[in-house]
Amino acid sequence: SVVAAAALAMAWPASEALAQAAAPKAQAPVLVTSCGQSPGPLKLTVFLKRLGIEHDYKTDATAKDIDSKKYKTVLVVTGASLKGMGAAGVSMKDELARTAALIDAAKKGGVMVIGAHVEGMARRSQGAEAGDNSDEQSIDAVCPKSQALLIRKDGDEDGRFTAIAKKQGIPMITFEKNLEIEGVLKTLFGR
């Protein structure tokens, strides 16, 4: 509704709420993971803990975690880390398959999916070698299938997330500084 979208916009005075539709309220417990083994989820877990929102962080979360019926929200952070994937012994292909199965299970189980990009443009281009599009693959695997997007504004300099949100009718919440994440999560989870 327009009132809900206006309330979202007022809730984040330093950020923007691009709400094609009002962002749905997220519920705990939350499963936090990434598509690409980036360190981004750790930023979110700091604020979830600070807000007292029950959550688990699993670098290798699978559809089996959803089947446990424990979680009401899955927060998937986009961004690939070749170093992280190497340490975990997985490829981008493995990550994409794991994430697709996780999101499919969440949707079938009525679990809300929030796609997030919290590391900005630096993550999208960091260490990318010629021909490496793993970050973009991560975005494509998560964002169009999400029910809400949480995006650091400088990560959307090229309008990529805005285009996905508009095309899919997904509410997109942007923030400028990492310190704003706490306020965004507080509103998103109704705290």
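In the next few minutes I will go through a predicted model of one protein, from its overall make-up to its strands, cores and salt bridges.

Let me begin with the whole chain. The protein has 191 residues, of which 48% count as buried, and its secondary structure consists of nine helices and seven strands. The exposed surface comes to about 8700 Å², with carbon and sulfur atoms supplying 55% of that area. If we take the contacts with a sequence separation of 6 or more, 78% of them join residues that are 24 or more positions apart.

A word on confidence before the details. The average pLDDT of the protein is 84, and 84% of the residues score at least 70. The stretch to treat with caution is residues 1–21, where pLDDT stays under 50, although the model has 39 contacts beyond four places in sequence for this segment. Where pLDDT is low, the predicted coordinates should not be read in detail, and I will leave that segment aside.

Now to the strands, and I would start with β4, which spans residues 73–78 and is mostly covered, six of its six residues being buried. In a regular strand the side chains alternate between the two faces of the sheet. For β4 the two sets are T73, L75 and V77 on one side and V74, V76 and T78 on the other, and both faces are covered.

Which strands pair with β4 in the parallel sense? One is β2, residues 30–35, which pairs with β4 over six bridges in the parallel sense, and within that pairing L31 stands opposite V74. Another is β5, residues 112–117, which is also parallel to β4, here over five bridges, with A116 of β5 as the bridge partner of V77.

Elsewhere, β6 and β7 pair in the parallel sense over four bridges, and in that pair I151 has T174 of β7 as its bridge partner. Strand β7 covers residues 172–175 and includes F175. From this strand M172 and T174 point one way, whereas I173 and F175 point the other way, and all of these residues are buried. F175 counts as buried because its relative accessibility is 0%. Its C-alpha atom lies 10.0 Å from that of G155, a residue 20 positions away along the chain.

That brings me to the nonpolar cores. The largest has 24 residues, and those touching the most other members are L44, L75, I114, L150, L185 and F189. Two or more residues of this core come from each of β2, α2 (40–50), β4, β5, β6 (148–152), β7 and α9 (181–188), and α9 gives the most, with four residues. To take one member, I114 touches, beyond its neighbours up to four places away in sequence, A26, T73, V74, L75, V76, S146, A148, L150 and L188. Apart from this core lies another, of 19 residues, among them A63, A80, L102 and A141.

Finally, the charged pairs. Side chains of opposite charge can pair when their charged atoms come close. How many salt bridges does the structure hold? There are eight, and I will describe some of them.

In the pair of D65 and K58, the closest N and O atoms are 2.8 Å apart. The two partners fall into separate accessibility classes: D65 counts as buried because its relative accessibility is 14%, whereas K58, at 27%, is partly exposed.

A similar description applies to R152 and D154, whose side chains meet in a salt bridge at 2.7 Å, N to O. Here R152 counts as buried, since its relative accessibility is 15%, while D154 is partly exposed at 27%.

The next pair is E136 with R160, whose side chains meet at 2.4 Å, N to O. This pair links distant parts of the chain, with E136 in helix α7 (residues 134–142) and R160 in helix α8 (residues 160–168), 24 residues apart. E136 is partly exposed, because its relative accessible area is 21%, just over the 20% under which a residue would count as buried. E136 and R160 also belong, together with D140, to a network of salt bridges.

To close, the points I would keep in mind while looking at the model are the covered strand β4, the 24-residue core to which α9 gives the most, and the salt-bridge network of E136, D140 and R160.

Definitions and conventions:
Residues numbered from 1 in each chain as written. Predicted model: local features only at pLDDT ≥ 70, side-chain atom pairs only at ≥ 80, totals over all residues. Heavy atoms only, no water. Buried < 20%, exposed > 50% of the residue type's maximum accessible area, 1.4 Å probe, protein only. Pairing = 2+ DSSP bridges. Salt bridge = Lys/Arg side-chain N within 4 Å of Asp/Glu carboxyl O. Contact = heavy atoms within 4.5 Å. Areas by Shrake-Rupley, 256 points an atom, 1.4 Å probe, with all protein chains shown as cover. pLDDT = per-residue confidence, 0-100. Core = buried A, V, L, I, M, F, W, Y, C linked by side-chain atoms within 4.5 Å.
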